[in-house]
Amino acid sequence: MRTITLIARDRPAYTAKALTHIAKALCEMEPGEFDSLIVSIDPTASGVSSDVVKVCDLALESISDAGLINCYAYENAAPLGVGGNHQVALQRAFEEHSSDFNVLLEDDALPTPDALDMCRWFHENHGHQTSDYLLLSLCNHNTFGRGTNPGSLAN
C-alpha cells in the first residue's frame, strides 16, 4: 500500500492549494497508484484549526467523491509542532493505514503528476538498504525512524 500524507497547520490557503495540486496529480495518474491520502492537522497554540479543517473536509470530500483515492483527515488534540506532527503523521500512515511507502508533503508543497509518479517508480525499483536516504525529503519507508535505517549515504 502506498500513501500520501499532507502536513497541515493554520494556513488554510496553503492547504487548499496543496490539496488541489494533489488531486490534479492523481487525476493524471493511473488509478490505484496511491491508496490513501492522509492529512494531519496541527492546531495552533490556542487550539484553533477550524479553517484548515473546513478546507480539508471540502477538498477531501471532493477527492473521495471523484474516486481518486481514499481520504482521511486527523486533527491533533494539541499542537505537536514540526517534529511531532510529522512523526504522528508517519505513524498514522505506517501503523494505522499499513502503508509500505509514504510520500510526506507539507502544505506549501505543490506536487505534480511526474513528482508523484517518480515516487511510485522509486518505490517499485529501488530496494537497496540506503534507498531511503536518496529521496528522504520526499519519500519515507515504513522502516525509517524505527532503528532499522542503515545509516547515512556516507556509510
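A residue counts as buried when its relative accessible area is under 20%, as exposed when that value is over 50%, and as partly exposed in between. Keep that scale in mind, because D10 has a relative accessible area of 39% and is therefore partly exposed. D10 sits in the loop between β1 and α1. Now look across from D10 to D42: these two are 32 residues apart along the chain, yet the model puts their C-alpha atoms 7.6 Å from each other. One thing to remember as you look around is that this is a predicted model.

Let's step back and take in the whole chain. It has five helices and five strands. If you start at the N terminus and walk along, you meet the elements in the order β-α-β-α-β-α-β-α-α-β. Of the 155 residues in the chain, 41% are buried. Contacts also link parts of the chain that are well separated in sequence: take the contacts with a separation of 6 or more, and 70% of them are between residues 24 or more positions apart.

Time to follow a helix. Helix α1 covers residues 12–28, which makes 17 residues, and from its first C-alpha to its last it reaches 24 Å, close to the 24 Å expected at 1.5 Å a residue. Which residues of α1 are buried? They are T15, A18, L19, I22, A23, A25 and L26. These residues cover an arc of only 160° around the axis, so they end up on the same side of α1. Turn to the other side of the helix and you find A13, K24, C27 and E28, which are exposed. And what covers the buried residues of α1? The cover includes the strands β1, β2 (36–41) and β4 (101–106), along with the helices α2 (50–65) and α4 (113–125).

Zoom in on one residue of helix α1, namely T15. Its relative accessibility is 0%, so T15 counts as buried. Leaving out residues up to four places away in sequence, T15 touches L6, A8, R9, V52, V55, C56 and D107.

Strand β2 gives you another buried spot to visit. I41 belongs to this strand, and with a relative accessibility of 1% it counts as buried. Here again, two parts of the chain come together: I41 and Y74 are 33 residues apart along the chain, while their C-alpha atoms are separated by 6.0 Å.

Next, try helix α4, which we met above as part of the cover over α1. It has 13 residues and spans 18 Å from first C-alpha to last, close to the 18 Å expected at 1.5 Å a residue. Its buried residues are L116, C119, R120 and F122. Looking down the axis of α4, you see these residues fall within an arc of 155°, so they line one face of the helix.

Helix α3 has its own set of buried residues: G84, N85, H86, A89, L90, R92, A93 and F94. Just after α3 comes S98, in the loop that leads from α3 to β4. S98 is not a glycine, but it still has a positive phi of about 50°. How accessible is S98? Its relative accessibility is 49%, so it counts as partly exposed.

Finally, let's look for empty space. Rolling a probe the size of a water molecule over the atoms shows where such space is left. In this model, the second largest pocket holds about 150 Å³ of space. Its lining is made up of I7, A8, R9, R11, D42, G81, V82, N85, H86, E106 and D107. You have already met several of these: D42 was the partner of D10 in our C-alpha distance, A8, R9 and D107 are among the residues touched by T15, and N85 and H86 are among the buried residues of α3.

Which elements each supply at least two residues of this lining? They are β1 (2–8) and α3 (81–96). The largest share comes from α3, with four residues. Sorted by class, the lining of the pocket has five charged, three polar and three nonpolar residues. So the tour that began in the loop between β1 and α1 ends at a pocket to which β1 and α3 both contribute.

Methods: Residues numbered from 1 in each chain as written. Predicted model: local features only at pLDDT ≥ 70, side-chain atom pairs only at ≥ 80, totals over all residues. Heavy atoms only, no water. 1 Å grid on protein atoms, 1.4 Å probe; cavity = no way out; pocket = protein on both sides within 12 Å on 5 of 7 lines; lining within 4 Å. Points joined across faces, edges and corners; volume = space filled by probe spheres on them. Nonpolar A, V, L, I, M, F, W, Y, C, P; charged D, E, K, R; others polar. Expected span 1.5 Å × (residues − 1). Buried < 20%, exposed > 50% of the residue type's maximum accessible area, 1.4 Å probe, protein only. Arc of directions from axis to C-beta. Contact = heavy atoms within 4.5 Å.
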